[in-house]
Amino acid sequence: MAYEKKILITGGAGFIGSHVVRLFVTKYPQYQIFNLDKLTYAGNLANLVDIENASNYQFVKGDIVDSTFINELFANHQFDAVIHLAAESHVDRSITHPMDFVFTNVVGTVNLLNAAKNLWKDDFTGHLFYHVSTDEVYGSLHDGGFFTEETSYDPQSPYSASKASSDHFVRAYHNTYKLPIVVSNCSNNYGPNHFPEKLIPLFINNIRNNKPLPVYGKGENVRDWLFVKDHARAIDAVFHKGKIGETYNIGGFNEWTNIDLIKVICKTMDKKLGRAEGESEKLITYVKDRAGHDLRYAIDANKIMKELGWEPSLQFEEGIELTIDWYINNSEWLDNVTSGEYMKYYQDQYTHR
Ligand code: NAD
Ligand code: TYD
């Protein structure tokens, strides 16, 4: 079958990437979807078992830092468009291993930009390089207000600095070479398939196992949470309707202090696990704060809502319940990803906090 478009999605075995791959493979049978992923600790093909045999889907194992491999891949497959999600994504790991973030997030992104530019150089018409980024590039909000697309970059962690750098390269390739690009910056995601190093799945897993819930500092930091499938729907909207060269902020207008969010998770888990009310909250343990911990993130999502007609489909209460149900019903997934190397990470990260 001749496909309408060949799309390369990077990082498709990860949390958000797997939801994006699934949406594109099932919604657009006229597109051929290539999922390029290195399968780091965060990449897991079990996230995609339901679509792994779809005729318009192909998995490729590889590293975006390897420019020779990337150039060959683009030459062999002649992609029409790229949706780039592959990244090192955890702030705590960026504090202990910043260079991994420089290589994958900065060098890897520039390798992909070069490969796209070289492949499409004779005619950019109909092509798109879509870079998926984060609201963390804007830094930390202290006095109210929201991040808009015009907010100046002010990254504070090695993770956000590496993402900010990659965003700048993507825009520089548009400005300098006219590469057709679009960038989106999204708030914190939650939902199924989230690796349990991040707050929500880590705490669900610890409650399940009756382990302490390590709250950094006083738990007063604020995050703006969006259900992962709504982010995937936003990526679909930006890919198809976004204007070349533009940036779109994505968020759910859904701010929570960590401690309030944790209490909702504890209450819901008590109900689901048939425990007495208040049982899980007893696991809350205040630990040493994260170095350079950003106080508050909050996205103004008006541009994507007004210009592209996207809005979140789920209220938070519904989304968090769905998420908790998913982890309870997929305890094997959790057990698999938390065996082996995860235990060493957990000990290094939390033993001396
Ligand atoms: P994740 O860590 O769950 O997944 C990242 C994926 O990239 C993994 O499958 C991993 O194997 C792959 N990968 C890592 N290094 C690679 C390399 N060198 N070559 C090829 N593949 C590699 O991350 P996520 O939470 O799904 O985030 C996806 C993207 O969305 C990232 O770019 C992140 O910055 C951005 N983002 C995440 C959030 C969030 O809340 N998780 C919010 C906004 C934006
Ligand atoms: P995280 O899920 O790592 O996302 P990000 O730092 O990218 O926003 O953390 C979300 C919030 O939860 C953040 O304020 C740090 C806090 N946190 C804890 O209090 N304890 C933990 O064990 C983790 C992983 C995070």
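Student: Before we start, what does contact mean here?
Tutor: Two residues are in contact when they have heavy atoms within 4.5 Å. Keep in mind that this is a predicted model.

Student: OK, so which residues is Val238 in contact with, leaving aside its neighbours within four places in sequence?
Tutor: Val238 is in contact with Tyr130, Val182, Tyr248, Ile304 and Leu308.

Student: And where does Val238 sit?
Tutor: Val238 is part of helix 7.

Student: Buried or exposed?
Tutor: Val238 is buried, because its relative accessibility is 0% and the cut-off for buried is under 20%.

Student: How far apart are Val238 and Val182?
Tutor: In sequence, 56 residues separate them, while in space their C-alpha atoms are 7.8 Å apart.

Student: Tyr130 was on that list too. What does Tyr130 touch, not counting residues up to four places away?
Tutor: Quite a list: Val82, Ile83 and His84, then Val182, Val183 and Ser184, and also Ile235, Val238, Phe239 and Ile250.

Student: Let's zoom out. How many residues does the largest nonpolar core have, and which have the most contacts inside it?
Tutor: That core has 42 residues. Those with the most contacts inside it are Ile7, Ile9, Phe24, Ile83, Tyr130 and Ile304.

Student: Which helix gives the most to this core?
Tutor: Helix 7, residues 228-241, gives the most, with six residues.

Student: What lies apart from it?
Tutor: There's another core of 34 residues, and Ile204, Ile259, Ile265 and Val287 are among them.

Student: Switching to ligand 1. Which residues come nearest?
Tutor: There are 28 residues around ligand 1, and Ile16, Asp37, Ser89, Tyr159 and Lys163 come nearest.

Student: What about polar atoms, say in the side chain of Ser89?
Tutor: A side-chain N or O atom of Ser89 is 2.7 Å from an oxygen atom of ligand 1. Thr104 has a polar side-chain atom 3.1 Å from a nitrogen atom of the ligand. With Asn189, the backbone takes part: one of its N or O atoms lies 2.8 Å from a ligand oxygen atom.

Student: How much of the ligand's accessible area does the protein cover?
Tutor: The protein covers 97% of the 840 Å² that ligand 1 has on its own.

Student: Which elements supply at least two residues of the shell?
Tutor: Helix 1 (15-27), strand 5 (128-134), helix 5 (158-177) and strand 7 (188-190) each do. Strand 5 has the largest share, three residues.

Student: And how do the shell residues divide into nonpolar, polar and charged?
Tutor: Twelve are nonpolar, twelve are polar and four are charged.

Terms used:
Residues numbered from 1 in each chain as written. Chains lettered and ligands numbered in written order. Predicted model: local features only at pLDDT ≥ 70, side-chain atom pairs only at ≥ 80, totals over all residues. Heavy atoms only, no water. Core = buried A, V, L, I, M, F, W, Y, C linked by side-chain atoms within 4.5 Å. Buried < 20%, exposed > 50% of the residue type's maximum accessible area, 1.4 Å probe, protein only. Helix = DSSP H or I, 4+ residues; strand = E, 2+ residues; numbered from the N terminus. Near = heavy atom within 4 Å. Polar contact = N/O pair within 3.5 Å; in protein donor to acceptor, adjacent residues only side chain to side chain. Areas by Shrake-Rupley, 256 points an atom, 1.4 Å probe, with all protein chains shown as cover. Nonpolar A, V, L, I, M, F, W, Y, C, P; charged D, E, K, R; others polar.
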